[in-house]
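Please read these comments with the sequence and the model open side by side. They are written for someone new to reading protein structures.

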Amino acid sequence: MLWMIMCTDKPSQLETRNRLLAEHRQYLDDNDRHIFFTGPQEADDGSANIGSLFIVNVPTRQDAEAFVHNETFYRAGVFDTVVIRRIRKGRFFPERAA
């Protein structure tokens, strides 16, 4: 089951995000068996990361919630909003990513 977890940062969280980046990446490495896709959300001009997107393959919503609730940025209070939605894979063209 695929779940989209879209997280938007609180204002002025870039310093905290940067300080915790290594720990965040370790969390993703430790949980890569569940990850379909992850990536930071960026400001329109690409100048700063402003959130995170996770697509995880876990059986239940509770598992998706547990994934994000244990994530480094979430635990540090970086996120203003977190939206979790069940999704299914439609069209997928990874070769088009720049």
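The numbered points below go through the strands, a buried glycine, the salt bridges and a few loop and surface residues.

1. The model is predicted. Please keep this in mind when reading any distance in this note, since each one is computed from the predicted atoms.

2. Start with strand E3, which covers residues 49-57. Strand E1 (residues 2-9) is joined to E3 by 7 bridges, and the two run antiparallel. Strand E2 (residues 35-42) also pairs with E3 in the antiparallel sense, over 7 bridges. E3 therefore counts as paired with E1 and with E2, because two strands pair when there are at least two bridges between them.

3. Individual partners help in finding these pairings on the screen. On the E1 side, Ile5 has Phe54 of E3 as its bridge partner. On the E2 side, Phe37 is partnered by Ile55 in E3, and Glu42 stands opposite Asn49 in E3.

4. E2 and E3 form a hairpin with 6 residues between the strands. Within this hairpin, Gly46 has a positive phi near 75°.

5. Is Gly51 buried or exposed? Its relative accessible area is 0%, so Gly51 is buried; the cut-off for buried is under 20%. Gly51 sits in strand E3. Leaving aside neighbours within four places in sequence, Gly51 is in contact with Cys7, Thr8, Asp9, Arg17, Pro40 and Gln41.

6. Separation along the chain and separation in space should be read as two quantities. Gly51 and Arg33 are 18 residues apart in sequence, and their C-alpha atoms are 22 Å apart. Thr60 and Met1 are 59 residues apart along the chain, and their C-alpha atoms are separated by 7.2 Å.

7. Thr60 itself lies in the loop between E3 and helix H3 (61-69). With 30% relative accessibility, Thr60 is classed as partly exposed.

8. Arg17 deserves a close look. This residue belongs to helix H1 (residues 14-19), and its relative accessibility of 4% is why Arg17 counts as buried. Not counting residues up to four places away in sequence, Arg17 touches Asp9, Pro40, Asn49, Gly51, Ser52, Phe73 and Phe79. The side chain of Arg17 also makes a polar contact of 3.1 Å with the side chain of Ser52.

9. How many salt bridges does the model contain? The count comes to 3. As background, side chains of opposite charge can pair when their charged atoms come close. One of the salt bridges is between Arg17 and Asp9, with the closest N and O atoms 2.8 Å apart. Both residues are buried: Arg17 and also Asp9.

10. Another salt bridge is formed by Glu23 and Arg75, whose closest N and O atoms are 3.0 Å apart. This pair links distant parts of the chain, as Glu23 is in helix H2 and Arg75 in helix H4 (residues 72-75), 52 residues apart. Glu23 has 39% relative accessibility and so counts as partly exposed.

11. Arg61 and Glu65 also meet through their side chains in a salt bridge, at 3.2 Å from N to O. Because these two residues are 4 residues apart in helix H3, Arg61 and Glu65 are separated by about one helical turn. Arg61 is partly exposed, at 34% relative accessibility, and Glu65 is partly exposed as well, at 25%.

12. Asn31 is placed in the loop between helix H2 (21-30) and E2. A loop position does not settle whether a residue is covered, so the area should be checked: Asn31 has a relative accessible area of 13% and is buried. The side chain of Asn31 reaches the backbone oxygen of Tyr27 at 2.8 Å.

13. On the surface, Phe36, Phe37 and Phe92 make a nonpolar patch of about 300 Å². Phe36 is in strand E2, and its relative accessible area of 36% makes Phe36 partly exposed. When viewing E2, recall that in a regular strand the side chains alternate between the two faces of the sheet.

Note on methods. Residues numbered from 1 in each chain as written. Predicted model: local features only at pLDDT ≥ 70, side-chain atom pairs only at ≥ 80, totals over all residues. Heavy atoms only, no water. Buried < 20%, exposed > 50% of the residue type's maximum accessible area, 1.4 Å probe, protein only. Contact = heavy atoms within 4.5 Å. Patch = residues over 30% accessible without salt bridge, like charges linked within 9 Å, V, L, I, M, F, W, Y side chains within 5 Å. Areas by Shrake-Rupley, 256 points an atom, 1.4 Å probe, with all protein chains shown as cover. Salt bridge = Lys/Arg side-chain N within 4 Å of Asp/Glu carboxyl O. Polar contact = N/O pair within 3.5 Å; in protein donor to acceptor, adjacent residues only side chain to side chain.
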